[in-house]
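Please work through the exercises below with the structure in view. Each task is followed by a solution in steps.

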Amino acid sequence: MGKYLVQLIDTLDHLLGTNPNYLLGDFTTSATDYSNKHNLPSLNNTLYNAKNQVTLWAPFPGGDIIDYACKGWSGLYSSFYQGRWEILMNFVNDATDKQVRFDYGGYTTASNNFEWTWVT
């Protein structure tokens, strides 16, 4: 099942990429351009804020309002949402294969680590 979900996410990402209004790259480039134009002290901080705003919306891993301002953009599906779904499916498959309870704590930790790494 996870394989089909990943294929669907890839297809959606490609479809969204056909419309310039749905490109993560345009958003992050705009943030970079703004930072350069206004001589902001840290380009990395500007990119962090841009990526955080459309994903975690929190200054720390595992924030309370994840996906508050989520966007359906090409680049975001393939690099962020797909990774989260793959982590979930790995934990579901592991629990199913071993016939044990879903490791929610392990899943949450792995997902938070992935999300935070992507944002930073």
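The exercises go from the whole chain to one helix and then to its aromatic rings.

The model is predicted, so local features need pLDDT of at least 70 and side-chain atom pairs count only at pLDDT 80 or more, while totals for chains, interfaces and linings use all residues. Residues are numbered from 1 along each chain as its sequence is written, and side-chain values use heavy atoms, with hydrogens and water left out.

**Exercise 1. Describe the protein as a whole.**

Step 1. Helices (H or I, at least four residues) and strands (E, at least two) are DSSP runs, numbered from the N terminus. The protein has 5 helices and 0 strands, and its elements run α-α-α-α-α from the N terminus on.

Step 2. Along the principal axes, the C-alpha atoms fill a box of roughly 55 × 35 × 20 Å.

Step 3. A residue is buried under 20% relative accessible area, exposed over 50% and partly exposed in between (1.4 Å probe, protein chains only). Of the 120 residues of the protein, 32% count as buried.

Step 4. Contact means heavy atoms within 4.5 Å. Among the contacts with a separation of 6 or more, 56% come from residues 24 or more positions apart.

**Exercise 2. Characterise helix 4: its span, its kink and its packing.**

Step 1. The expected span of a helix is 1.5 Å times one less than its number of residues. Helix 4 has 23 residues and reaches 32 Å from its first C-alpha to its last, close to the expected 33 Å.

Step 2. The bend at a residue is the angle between axes fitted to the seven residues ending there and the seven starting there. In helix 4 a kink of about 35 degrees is centred on Gln-82.

Step 3. The buried residues of helix 4 include Leu-76, Phe-80, Tyr-81 and Gln-82. Helix 1 (2–16), helix 2 (24–37) and helix 5 are what the buried residues of helix 4 pack against.

Step 4. Just after helix 4, Gln-99 takes a positive phi of about 55 degrees.

**Exercise 3. Locate Leu-76 and identify its surroundings.**

Step 1. Leu-76 lies in helix 4. Its relative accessibility is 0%, so Leu-76 counts as buried.

Step 2. Leaving aside neighbours within four places in sequence, Leu-76 is in contact with Asp-13, Leu-24, Val-54, Thr-55, Lys-71, Tyr-81 and Trp-118.

Step 3. Lys-51 is 25 residues from Leu-76 along the chain, and their C-alpha atoms are separated by 9.3 Å.

**Exercise 4. Classify the ring pairs of Phe-80 with Tyr-81 and with Trp-118.**

Step 1. Rings of Phe, Tyr and Trp (its six-membered ring) pair if their centres lie within 6.5 Å; planes under 30 degrees apart count as stacked, over 60 as edge-to-face and the rest as tilted. This rule gives 11 aromatic pairs.

Step 2. The rings of Phe-80 and Tyr-81 have centres 5.5 Å apart and planes at 70 degrees, so this pair is edge-to-face. Phe-80 is buried because its relative accessibility is 0%, and Tyr-81 is buried with a relative accessible area of 9%.

Step 3. Phe-80 and Trp-118 form a tilted pair, 4.9 Å centre to centre with 55 degrees between the planes. This pair links distant parts of the chain: Phe-80 in helix 4 (residues 76–98) and Trp-118 in helix 5 (residues 104–119) are 38 residues apart.

Step 4. One aromatic cluster is formed by Tyr-77, Phe-80, Tyr-81, Phe-114 and Trp-118.
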